[in-house]
Amino acid sequence: MKSDSLATRSFVGFLVTQFFGAFNDNLFKQLLLLLAVPSAAAIAAGQAKGPDLQGIATVVFGLPFVFAGGLAGFWADKFNKRTIIIGSKMAEIVVMALGMIAFWAVPYVGFYGLWAVLFLMGLQSTFFGPGKYGILPEMLEKRQLPRANGLVLMTTFVAIIIGTAAAGPLKDALVDPDIPGVRAAQKLWIGSFVCIGIAILGTISSLFIARVPVADPDLKLKAEYLTVPKPMRRLLLDDKPLLWALLASCVFWLIAGLTIQAVNSLGKTQLGLSDTNTSLMVSLISVGIAIGGVVAGWLTRKTSARTVLHIGCWGVVLFCVLLAITVPGRGHLLGFPGSIPALMLLGASAAFFAIPIQVFLQSRPPDELKGRMIAVMNQANFIAIVGSGVLYQIMDLVISQADWPRSSVFAAMAVLFVPVAIVYRLDDSDDAVPSGPDGIPETAV
């Protein structure tokens with residue numbers, strides 16, 4: 001009888017590797033987002049009059065996922081996934097070393113060097129992702145996959161929370177909060193040693209991952225791998241519930257991308273918080289998502305997925321409205337203490353909305369198209385994330401010109417989400433798309 005234990009050198013090495021990868025991504029990205037937001041103290045002193053640049057950072061990080069996601073998926077099937085994971089981690093060391101140089105060079109080249117490093121970090125993560133998610137079924141027995149995926153999800157969220165929360169204290173320890181971003185950023189080259197060290201540890205742990213067979217060594221690169229494959233276009237056009245679910249997922253990720261930028265701006269610019277407390281606010285959203293995900297999974301066994309989704313929809317709208325309210329002459333309605341539970345509940349509501357849709361997108365397509373559906377979903381979601389960066393820069397311009405409080409971004413998010421809450425209905429029936437004799441939907445061939 002085979003053992004069900006996951007305490008093998010290969011799986012533990014994999015778990016540690018992906019933990020360090022998620023930690024580094026969120027630590028470095030949050031450092032740049034904090035630098036991109038003018039602090040309230042610097043604004044008051046007349047030292048920071050430039051725009052909030054978080055939208056640019058979001059676009060730069062997300063673009064590689066949009067344009068190289070299909071190629072990364074092709075590589076993951078064409079070549080050995082262990083080799084891709086190790087190669088990606090070695091590339092991470094190089095990228096983090098370049099990040100150290102870019103921080104040191106900020107007074108001379110501005111943020112351009114950091115944008116380039118952020119793009120390379122997104123590119124490295126783009127190629128790491130398919131290997132990370134694709135190797136588990138090849139490395140483990142089928143009966144081990146549910147527990148393995150649960151551990152991966154749990155450790156990923158822990159890494160996101162710790163990495164995001166650590167960025168604030170690291171910046172506060174090295175940077176004078178009253179100094180404008182470009183000059184302040186130089187001292188962060190010292191903090192980059194943390195990112196380089198994490199990348200080295202992740203590379204070492206990746207060496208313990210077992211070698212797996214190549215999925216399809218004879219696979220040929222086709223132009224459609226870089227866009228939406230023809231079978232998927234046909235499937236989405238003929239299965240309207242699937243198409244609407246994909247669009248709803250995009251709206252969710254648009255709002256999710258805006259949320260991180262909105263919280264950083266609210267904390268630093270309007271509430272005048274330190275980078276430590278601002279990062280704490282951002283990380284608590286992930287805590288809410290993690291808790292909400294567990295509760296949503298339990299509720300979907302007690303009631304319909306549609307009901308859980310509606311609770312999530314209106315929860316997102318409600319907590320965005322609460323976070324948007326600024327009382328003239330009195331400041332933000334919730335302030336720092338009140339924003340903490342509101343942000344956690346916003347994260348939980350987001351999980352209630354996202355999980356039923358993700359399950360639907362995973363289960364609705366026929367078996368032959370499930371993998372490509374996930375690839376299309378990921379690509380569409382990152383297009384939405386890139387869109388959130390563009391939209392945030394537009395909002396920043398409008399808010400600055402109108403002299404509105406930074407919490408106004410949450411009001412815009414609520415307005416964007418209300419039509420989804422009113423109109424969208426998840427088709428959680430068991431009806432399937434008509435299939436041909438080979439099991440593939442006739443309209444998807």
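The legends below accompany close-up views of one predicted model.

Residues are numbered from 1 along each chain as its sequence is written. In this predicted model, local features need pLDDT of at least 70 and side-chain atom pairs count only at pLDDT 80 or more, while totals for chains, interfaces and linings use all residues, and side-chain values use heavy atoms, with hydrogens and water left out.

**View 1. Confidence along the chain.** The mean pLDDT (the predictor's confidence in each residue, from 0 to 100) is 85, and 90% of the residues reach 70 or more. Confidence is lowest in helix α2 (residues 40–44), at a mean of 52, and highest in strand β1 (residues 326–327), at 95; helices (H or I, at least four residues) and strands (E, at least two) are DSSP runs, numbered from the N terminus. Where pLDDT is low, the predicted coordinates should not be read in detail.

**View 2. The surroundings of A76 in helix α3 (residues 54–78).** A76 is buried (under 20% relative accessible area, 1.4 Å probe, protein chains only), with a value of 4%. Leaving aside neighbours within four places in sequence, A76 is in contact (heavy atoms within 4.5 Å) with K81, I84, P130 and G131. The C-alpha atoms of A76 and G134 are separated by 7.5 Å, although these residues lie 58 residues apart along the chain.

**View 3. Helix α13 (residues 305–324) and what covers it.** At 1.5 Å a residue, the 20 residues of α13 should span 28 Å (1.5 Å times one less than the number of residues), and this agrees with the 29 Å between its end C-alpha atoms. The buried residues of α13 include V308, G312, F319 and A324. Among the elements covering the buried residues of α13 are α12 (275–302), α14 (335–363) and α16 (408–423).

Notes: Buried < 20%, exposed > 50% of the residue type's maximum accessible area, 1.4 Å probe, protein only.
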